[in-house]
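The following exercises are intended for a reader who is meeting this structure for the first time. Each task is followed by a solution that proceeds step by step.

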Amino acid sequence: MALDYAGLLDDVDVETVRLILVLRDLTPDQWEIDTPADGWGVRDQVSHLAFFDDAARTAIEDPDRFREESAALIAGGMDFPDRIARDLRTMSHRDLEEWFVHSRSELLKTLRRTDPKARMPWYGPDMSVASSATARLMETWAHGRDIYDALGLRHQASPGLRSIAHLGVSTFAFAHQLNGLPVPDHPVRVVLQAPHPDANAWTWGSADAENSVVGPAEDFVLVVTQRRNVADTRLVVTGPVARTWMGIAQAFAGAPGSGRPSLAAPSTTGGTR
């Protein structure tokens, strides 16, 4: 998929504006509502986005400082997203909203003036600036989805859904390595229906692959961002390699996520960021 970097940043902006409009209408009590992410309220989803927007900007503008700060976080344990969320719970909802608006605005300015092919450090392997922008889009979509679900709001189809799906496909090897599994030699064909019913399917992988994942693009993105258990989607998963992948798929950096329990198994605990 050819990179349209300016379009990618526009997609980040659209997803951001939609989320900010929701946040501005929230009452103080709504900021404290629990989201589907285990132990996280709406406020935690927002502080997470703001914190890592600032981290991404630091990684681009001052990589040495980022490496020092990220090493200190990781040294305290790979649960650092939860620790950050706890540490920021004393902030008022107004300050949180203003922080997110400012951090996202400043990050987009930095991304727009930076070469998308430039390399930058992160909490796993180094990545390109374009990959970082895609990751920020994915994070905004995923954490925004938790907020929309918690508030009972519909999550509008994102113009950046294909980019997030591509990230999900691209992290096939990463997900296996993160879980201590060998990367399979057998390819997986991914065929996703775009949100618009008249659009052509989005495809990855060889057409003659024995393993495949077929279904709605949004369902695939929900699985690779660990917002839904594959059993609760309309995805048709064929072959052992594809089934294993859909059980561990992870489009975000950090420790292996525990995934979301199937709605058919309410006694199972879990949650992921």
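**Exercise 1. Determine how helices α3 and α7 are oriented relative to each other, and list the residues in contact.**

Solution. The model is predicted.
Step 1. Helix α3, residues 42–61, packs with α7 at an angle of about 175°, and their axes are 9 Å apart.
Step 2. Angles over 145 degrees count as roughly antiparallel. The helices α3 and α7 are therefore roughly antiparallel to each other.
Step 3. On the side of α3, the contact is made by Val42, Gln45, Val46, His48, Leu49, Phe52, Asp53, Ala56 and Ile60. On the side of α7, the residues are Val129, Ser132, Arg136, Glu139, Thr140, His143, Asp146 and Ile147.

**Exercise 2. Establish how α7 is placed against α8, and state which residues of α8 are buried.**

Solution.
Step 1. The angle between α7 and α8 is about 105°, with 9 Å between their axes. The range from 65 to 115 degrees counts as roughly perpendicular, and this makes α7 roughly perpendicular to α8.
Step 2. From α7, the residues Thr134, Ala135, Leu137, Met138 and Trp141 meet Leu161, Ser163, Ile164 and Leu167 of α8.
Step 3. Helix α8 spans residues 161–170 and is mostly covered, with seven of its 10 residues buried. These are Leu161, Ser163, Ile164, Ala165, Leu167, Gly168 and Val169.

**Exercise 3. Describe the sheet: the order of its strands, its edges and its pairings.**

Solution.
Step 1. The sheet is open and has four strands in the order β4-β3-β5-β6, with mixed pairing.
Step 2. The edges are β4 (202–204) and β6 (236–238); each has a single partner strand, so one side of each is left without a neighbour in the sheet. From one strand to the next, the twist averages 5°.
Step 3. Strand β3, residues 188–193, is joined to β4 by three bridges, and the two run antiparallel. In this pairing Val190 stands opposite Trp204.
Step 4. Between β3 and β5 there are six bridges, and these strands run parallel. Here Val188 is opposite Asn211 of β5.

**Exercise 4. Identify the two faces of β3 and the helices that lie against the sheet.**

Solution.
Step 1. The side chains of β3 alternate. Val188, Val190 and Leu192 point to one face and are buried, whereas Arg189, Val191 and Gln193 point to the other and are not buried.
Step 2. Helix α10, residues 217–224, packs on the sheet and touches β3, β4 and β5. The direction of α10 makes about 115° with that of β5.
Step 3. Helix α11, residues 240–248, lies across β3, β5 and β6 and runs at about 55° to β5.

**Exercise 5. Characterise the largest nonpolar core and the surroundings of Trp245.**

Solution.
Step 1. The largest nonpolar core has 71 residues. Those with the most contacts inside it are Leu111, Trp122, Phe220, Trp245 and Met246.
Step 2. Helix α7, residues 129–151, supplies the largest share of this core, namely 10 residues.
Step 3. Setting aside residues up to four places away in sequence, Trp245 touches Gly168, Val169, Phe172, His176, Val188, Val190, Val213 and Phe220.

**Exercise 6. Is Ser70 buried or exposed, and which atom does its side chain reach?**

Solution.
Step 1. Ser70 is part of helix α4, which covers residues 63–75.
Step 2. The relative accessible area of Ser70 is 7%. Buried means under 20%, so Ser70 is buried.
Step 3. The Ser70 side chain reaches the backbone oxygen of Arg67 at 3.2 Å.

**Exercise 7. Assign the exposure of Asp10 and find its side-chain contact.**

Solution.
Step 1. Asp10 is located in helix α1, residues 5–23.
Step 2. With a relative accessible area of 41%, Asp10 is partly exposed.
Step 3. A polar contact of 3.5 Å links the side chain of Asp10 with the side chain of Arg112.
Step 4. Asp10 and Gln30 are 20 residues apart in sequence, and their C-alpha atoms are 28 Å apart in space.

Key:
Residues numbered from 1 in each chain as written. Predicted model: local features only at pLDDT ≥ 70, side-chain atom pairs only at ≥ 80, totals over all residues. Heavy atoms only, no water. Pairing = 2+ DSSP bridges. Axes fitted to C-alpha atoms, helices over the stretch in contact; angles between N-to-C directions. Contact = heavy atoms within 4.5 Å. Buried < 20%, exposed > 50% of the residue type's maximum accessible area, 1.4 Å probe, protein only. Polar contact = N/O pair within 3.5 Å; in protein donor to acceptor, adjacent residues only side chain to side chain. Core = buried A, V, L, I, M, F, W, Y, C linked by side-chain atoms within 4.5 Å. Parallel < 35°, antiparallel > 145°, perpendicular 65-115°, else oblique.
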